[in-house]
Amino acid sequence: MTAPLATAPAGGAGAADPATDSAAPASPWALALSRLRRQKAAMTGLAIIVFFVLAALLAPVLTAISGKGPDDLDKKAVNTYLGGLPRGSLGGISPQHWLGVEPLLGRDIFARLLYGAQISLLVAFSSALLITLIGTLLGVTAGYFGGRTDAVISRFMDVMMSFPSLIFMIALLSVARDVNRLLLLIGVLSLFGWPYIARVIRGQTLSLRHREYVEAARACGTSSGRILLTEILPNLTGTIIVYVTLAIPGLIGAEAALTYLGVGIRPPTPSWGQMIADSVLYYKVDPMFFVLPSACLFLVVLAFTLLGDALRDALDPKGSRT
């Protein structure tokens, strides 16, 4: 006599236990991304950044569609009898010039804003990359090895941070005349910007080097280089991302300020700071010439600031203000 077949549990033989069917816990990065998506300010800032980055990348295409380059002169678009003011309302906005023209020269503002975005974003991103690489390298080295290495690097950071950076930037950029202004500007901003992230990374590394997993790796004979790459740096990623995001608006503003003072990007290369400097003489009679580059600069700086604050709150919810 055969044994009776065992009855299958309700829901079928393959039904899984609800306790074991639950989703695996999300990673910290997934949780941070989820928190970031729920913040409208962060998404607004990200949308503005994407808009300007795409506009800068597609500048040759967009100017080809408009039919006006950044250095093309259109004397017919300005009234020579009125001191070179644009013809028409709102700074000469027309089907030929979508955002109007510059007074006196008649250069297309739309094209110059697009290529000015290239300069501003290129300087900011490149400087932020160099600042992050130098600051992270020196900060991790000082914090992990300590002792004399930490003392030397820390004193060097103190010396660099004690310099009146703006004055030295103006002096260096004024003296060096026959060099590539773009590369010089990136180098000068990076030279005076790395100590701040280095100080932050050093403090984080001092805390991480005594954690249990680092001590365990050291006890297993793991080399210092491998510990830095596999144990220390991955735990500094959040701090680095937040710092870079918050540093970029400052770098964009610094580039515009130096160009405004006449020691940054020089004509005929378009730049937002240069356009603002040129518009000062016309802000009463042609306010659009002043408003447009100022609005672009304001929106980009605001967008990175909003995104940086949101990233800080998302990656460190315990320290969040919300």
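This report describes salt bridges and the surroundings of one threonine in a predicted model.

**Salt bridges**

Side chains of opposite charge can pair when their charged atoms come close. In this model, a side-chain nitrogen of Lys or Arg within 4 Å of a carboxyl oxygen of Asp or Glu is taken as a salt bridge, and by this rule the count comes to eight. Three of these pairs are set out below, with the distance between nitrogen and oxygen.

| Basic residue | Acidic residue | N to O distance |
|---|---|---|
| Arg112 | Glu102 | 3.0 Å |
| Arg202 | Asp150 | 2.7 Å |
| Arg155 | Asp158 | 2.9 Å |

The salt bridge between Arg112 and Glu102 is formed by their side chains. Because Arg112 belongs to helix 4 (residues 109-145) while Glu102 sits in the loop between strand 2 (85-86) and helix 4, this pair ties together parts that are ten residues apart in sequence. Both Arg112 and Glu102 are buried.

Asp150 and Arg202 make another salt bridge, with their closest N and O atoms 2.7 Å apart. Asp150 is located in helix 5 (residues 147-162) and Arg202 in helix 7 (residues 181-208), so the pair ties together parts that are 52 residues apart in sequence. Asp150 has a relative accessibility of 11% and therefore counts as buried, the limit being under 20%.

The salt bridge of Arg155 with Asp158 is set within one element: both residues lie in helix 5, three residues apart, which is about one turn of the helix. Arg155 has a relative accessible area of 48% and is partly exposed. Asp158 is also classed as partly exposed, at 28% relative accessibility.

Salt bridges with shared partners also join Asp71, Glu102, Arg107 and Arg112 into one network. The Arg112 and Glu102 pair described above thus has both its residues in this network.

**Surroundings of Thr136**

Thr136 is placed in helix 4, the helix that also holds Arg112. With a relative accessibility of 10%, Thr136 counts as buried, because this value falls under 20%. The side chain of Thr136 reaches the backbone oxygen of Thr132 at a distance of 2.6 Å.

When neighbours within four places in sequence are left aside, Thr136 is in contact with Ile131, Ile197, Ile201, Leu233 and Ile240. Of these, Ile197 and Ile201 have numbers that fall within helix 7 (residues 181-208), the helix in which Arg202 lies.

Technical notes:
Residues are numbered from 1 along each chain as its sequence is written. This is a predicted model: local features need pLDDT of at least 70, side-chain atom pairs count only at pLDDT 80 or more; totals for chains, interfaces and linings use all residues. Side-chain values use heavy atoms; hydrogens and water are left out. Helices (H or I, at least four residues) and strands (E, at least two) are DSSP runs, numbered from the N terminus. Buried means under 20% relative accessible area, exposed over 50%, partly exposed in between (1.4 Å probe, protein chains only). A polar contact is a pair of N or O atoms within 3.5 Å; within protein, one must be able to donate a hydrogen and the other to accept it, and residues adjacent in sequence count only if both atoms are side-chain atoms. Contact means heavy atoms within 4.5 Å.
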